[in-house]
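Here are some exercises to work through with the model open beside you. Try each task before reading its solution.

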Amino acid sequence: MQSKKRKTRIRRIAAAALALLLLPGPIARAHAPDDVLGTAATRYTGVGDRDSRATETSLGNAAADAAREAAGADFAVIPGGLICNNIIAGDVTWNELTLVLPEDAELATARVSAAGLRQLLEQCVAAVVTDDSQTIDYEASKSDIYPQISGFTLRYDVSRPVGDRVVYIKRDDEELDFDDETARYTLVSTEGLLGGEYGTDALEAAPIGVTLREAMAGFIGRDGLTGEETGRVKVAGSSDNTLLGGFPIELAALTIIFLILAFRIFYHPKPSFANGFKMPPKGEGFDDMTQPDDTGEGETKGESK
C-alpha cells in the first residue's frame, strides 16, 4: 500500500515538473526583484504627457507585442490602464517590470471577425473627447480600456458619434473587410477585457496560461527593448490631428513659404531680377529687361540717354 502511494506521489511530481518544463523559458522560473531581464535602448513611455489611458505609447506597443508573441496571435489589444509606469534606458529588472505592470493580468485568446474586432475597438476609444477648441482633451479622455495594439494599425475619427468612430483597421497595409463574416482572426488580450469586465461585450476566450507581466519578461529577455516605436493608432477629427497639425513645425513653415512663392510666381505676372522682384501694378507687367525708376518711367538697359 505504501509502495503504491509512493509511486502515485512520484508520478504527480513528475507531471508537475513536465508542466513546468513545457512553459516558455523565461516564464518557467520565479524572478528575484533585482533579476535583470534585458535592456532598453531608450526610455519607454507609458504614463505622463503621453499616457497609455488616452493615447498610443511606446511601452503600450511593447506590451501588446509581447502578448501577441506569447500567444502566437494575429492581433493584440491590451488595456492601457494596466500600464502604470515608464521604463528608463538601461538594464530592466523584474522589480521595474512589476512597477510598470502591478496587476499581473492573465492573457487569453478569442477568435474574432473583422467586425467583431471593430466593435471591441469602438468600445475602447469611446471615452476620447475634445474640448471647446476641438482639441483632444487627454486628461478627460483617460480610460483604463484605451487600446494598446499590435499586429495592425487603427484609424478612428473622434468627431464621429461613439460607436461609429473606427475608420479602418489595416493588417500589412490592407484594410480588413468589416462585411466579411467568414474570415476569423486570433486576438489576444487580458481575460478581463475579453470577459467583459471593462463594460465591453464578452467574447468566448481561452486562457493561455501566461500573464502579461510574464509575457513582457520573456519579450524583453529574448529581443530587448531596441527603440521606441509608435504610429499604429491614427486619430482624425480634432484640430490637433489635421494634416497640418501632424506636421513638425519646421516642415509646416516651409510648406507655407513654398505655397506663397508658388502663388506669386504662377498667379501674378512674373517678377524678375531686373525689376528687383517687385510686383507690377495690377493689370500691368514688367519686361524682364526694364528697370522702373522713381518717376514711374522705365529705361531699357543698353539705351543712351
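**Before you start**

The model is predicted, so local features need pLDDT of at least 70 and side-chain atom pairs count only at pLDDT 80 or more, while totals for chains, interfaces and linings use all residues. Residues are numbered from 1 along each chain as its sequence is written, and side-chain values use heavy atoms, with hydrogens and water left out.

**Exercise 1. Follow the aromatic rings**

Task: Find out whether F75 and F152 are buried or exposed, then find the aromatic pairs.

Solution.

Step 1. Start with burial, where buried means under 20% relative accessible area, exposed means over 50%, and partly exposed lies in between (1.4 Å probe, protein chains only). F75 and F152 are both buried, and for F75 the relative accessibility is 0%.

Step 2. Apply the ring rule: rings of Phe, Tyr and Trp (its six-membered ring) pair if their centres lie within 6.5 Å, with planes under 30 degrees apart counted as stacked, over 60 as edge-to-face and the rest as tilted. By this rule there are two aromatic pairs. F75 and F152 make an edge-to-face pair, with 5.3 Å from centre to centre and 80 degrees between the planes.

Step 3. Place this pair on the chain, taking helices (H or I, at least four residues) and strands (E, at least two) as DSSP runs numbered from the N terminus. F75 belongs to strand β2 (residues 75–79) and F152 to the loop between β5 (147–150) and β6 (153–157), so the pair ties together parts 77 residues apart in sequence.

Step 4. Turn to the tilted pair of F75 and Y185, at 5.2 Å centre to centre and 40 degrees between the planes. Y185 sits in strand β9 (residues 185–190) and F75 in strand β2, so this pair ties together parts that are 110 residues apart in sequence. Y185 counts as buried because its relative accessibility is 13%.

Step 5. Put the picture together: ring pairs link F75, F152 and Y185 into a cluster.

**Exercise 2. Trace the salt bridges**

Task: Work out how many salt bridges the structure holds, and which side chains meet R118 in salt bridges.

Solution.

Step 1. Recall the idea: side chains of opposite charge can pair when their charged atoms come close. Here a salt bridge is a side-chain nitrogen of Lys or Arg within 4 Å of a carboxyl oxygen of Asp or Glu. The structure holds 10 salt bridges.

Step 2. Look at D74 and R171, whose closest N and O atoms are 3.1 Å apart. This pair links distant parts of the chain, with D74 in the loop between α2 and β2 and R171 in strand β7 (residues 166–171), 97 residues apart. R171 is partly exposed, at 30% relative accessibility.

Step 3. Move to R118, which meets E122 in a salt bridge of 3.7 Å, N to O. Both lie in helix α4 (residues 114–124), four residues apart, about one turn of the helix. E122 is buried at 3% relative accessibility, whereas R118 is partly exposed at 22%.

Step 4. R118 also meets D164 in a salt bridge, at 3.5 Å, N to O. D164 lies in the loop between β6 and β7 and R118 in helix α4, so the pair ties together parts 46 residues apart in sequence. D164 counts as partly exposed, with 37% relative accessibility.

**Exercise 3. Explore the surroundings of two residues**

Task: Decide whether A67 is buried or exposed, and do the same for L154; then list what each touches.

Solution.

Step 1. A67 is in helix α2 (residues 58–71) and is buried, at 0% relative accessibility.

Step 2. Count a contact when heavy atoms are within 4.5 Å. Leaving out residues up to four places away in sequence, A67 touches I78, L107, V188, L212 and A215.

Step 3. L154 lies in strand β6 and is buried at 1% relative accessibility. Beyond its neighbours within four places in sequence, L154 has contacts that include L121, I149, V166, Y168 and R232.

Step 4. Check a distance: the C-alpha atoms of L154 and R171 are 9.3 Å apart in space, with their positions 17 residues apart in sequence.

**Exercise 4. Describe the whole chain**

Task: How many helices and strands does the protein chain have, and what share of its residues is buried?

Solution.

Step 1. The protein chain has seven helices and 13 strands.

Step 2. Of its 305 residues, 36% are buried.

Step 3. Among contacts between residues at least 6 apart in sequence, 71% join residues at least 24 apart.
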